[in-house]
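This report deals with the salt bridges of one protein model. The sequence and structure come first, followed by the pairs and their surroundings.

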Amino acid sequence: MTQIVTTKAQLRTARESLPGSVAVVMTMGALHEGHLMLVRRAREIADSVVVTIFVNPLQFGPTEDYEAYPRDLAGDVALLDGLADLVFAPEVWEMYPVLPPPVSVSAGVLGTRFEGAARPGHFDGVVTVVTKLLHLIAPDAAVFGRKDAQQLAILERLVADLDLPVRIEAVDIVREESGLARSSRNAYLSAAGRDRALVLSRTIAAVQEAAPDAAAVLAVLERAGRGEGDGGEAGEVRWAYAEAVDPATFESIGPGHHGEVLVVLAAHVEGTRLLDATTLVVSG
């Protein structure tokens with residue numbers, strides 16, 4: 001039976017009773033198979049599993065509808081029963097007695113690029129809540145997915161730069177049968193929108209096929225960014241970016257690049273921002 005706690009005091013007491021090593025999966029709820037894959041991975045690498053469910057207001061911008069974010073705590077807990085040992089589902093006031101908090105954490109320069117440029121302050125909100133949760137739970141490992149590739153890179157830097165005693169465990173993207181990366185945001189798409197959204201996974205397949213030729217990979221991404229062949233010119237898919245970057249710095253690479261690169265994609269379909277990513281090894 002999964003235990004559910006809603007306060008920091010309850011969490012500390014429950015955490016003391018967890019046996020062995022502990023892995024945490026941090027979520028904002030609206031759980032789907034992608035989240036459950038992270039929880040299953042946590043179960044594989046640790047004796048006890050904690051899942052957090054918290055819609056973090058700090059990572060929502062002024063134009064983003066925090067109140068409209070899907071919430072289904074009862075449904076989420078039902079999915080986690082038998083998979084997680086402990087669920088921490090606090091209210092906002094429990095995590096932040098004062099908003100905005102007088103002290104917070106900065107994601108630095110890396111948090112200002114790509115998703116950070118489109119959503120100023122978003123990654124500061126992410127690293128602040130992650131830091132708080134890591135201190136509260138004191139896990140041995142924290143499990144995150146590779147779809148939010150920039151977030152993963154920032155959290156790896158957070159742990160390294162602040163000497164936090166936790167290991168970041170990265171899990172590959174979980175895809176639907178169609179190829180679409182699983183995301184809570186997919187719930188906002190109509191059937192037609194889901195079809196249009198497949199341009200992201202088709203672009204991922206195309207760059208994988210183009211590798212290891214760096215110039216060919218960049219050509220695929222340039223065509224995608226122009227919306228060629230995906231209906232983007234008609235406004236059905238609006239690309240935010242389609243880039244190949246250095247995985248550590250998120251600086252764009254050139255056609256002569258050698259080594260590992262991260263391909264990051266973001267596009268708006270029916271007003272919903274969708275992400276995808278993959279790692280490649282290329283040579284100029």
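Glu115 is buried, with a relative accessible area of 5%. In this predicted model, the side chain of Glu115 meets that of Arg273 in a salt bridge, with 2.9 Å from N to O. Glu115 belongs to helix α5 (residues 115-118) and Arg273 to strand β9 (residues 272-282), so the bridge ties together parts that are 158 residues apart in sequence. Arg273 is buried as well, its relative accessible area being 13%; the cut-off for buried is under 20%.

The structure holds 16 salt bridges. Three of the pairs are listed here.

| Acidic residue | Basic residue | N to O distance |
|---|---|---|
| Glu115 | Arg273 | 2.9 Å |
| Asp161 | Arg157 | 2.7 Å |
| Glu236 | Arg196 | 3.4 Å |

The bridge between Asp161 and Arg157 lies within helix α7 (residues 149-161), where the two residues are four apart and thus separated by about one helical turn. Arg157 is partly exposed, at a relative accessible area of 41%.

Glu236 pairs with Arg196. Glu236 sits in the loop between α9 (214-225) and β7 (237-245), while Arg196 is part of helix α8 (residues 191-210), so this pair ties together parts that are 40 residues apart in sequence. Glu236 counts as partly exposed at 35% relative accessibility, and Arg196 counts as partly exposed at 25%.

Salt bridges also join residues into a network, whose members are Arg41, Glu44, Arg167 and Glu169.

Terms used:
Residues numbered from 1 in each chain as written. Predicted model: local features only at pLDDT ≥ 70, side-chain atom pairs only at ≥ 80, totals over all residues. Heavy atoms only, no water. Salt bridge = Lys/Arg side-chain N within 4 Å of Asp/Glu carboxyl O. Buried < 20%, exposed > 50% of the residue type's maximum accessible area, 1.4 Å probe, protein only.
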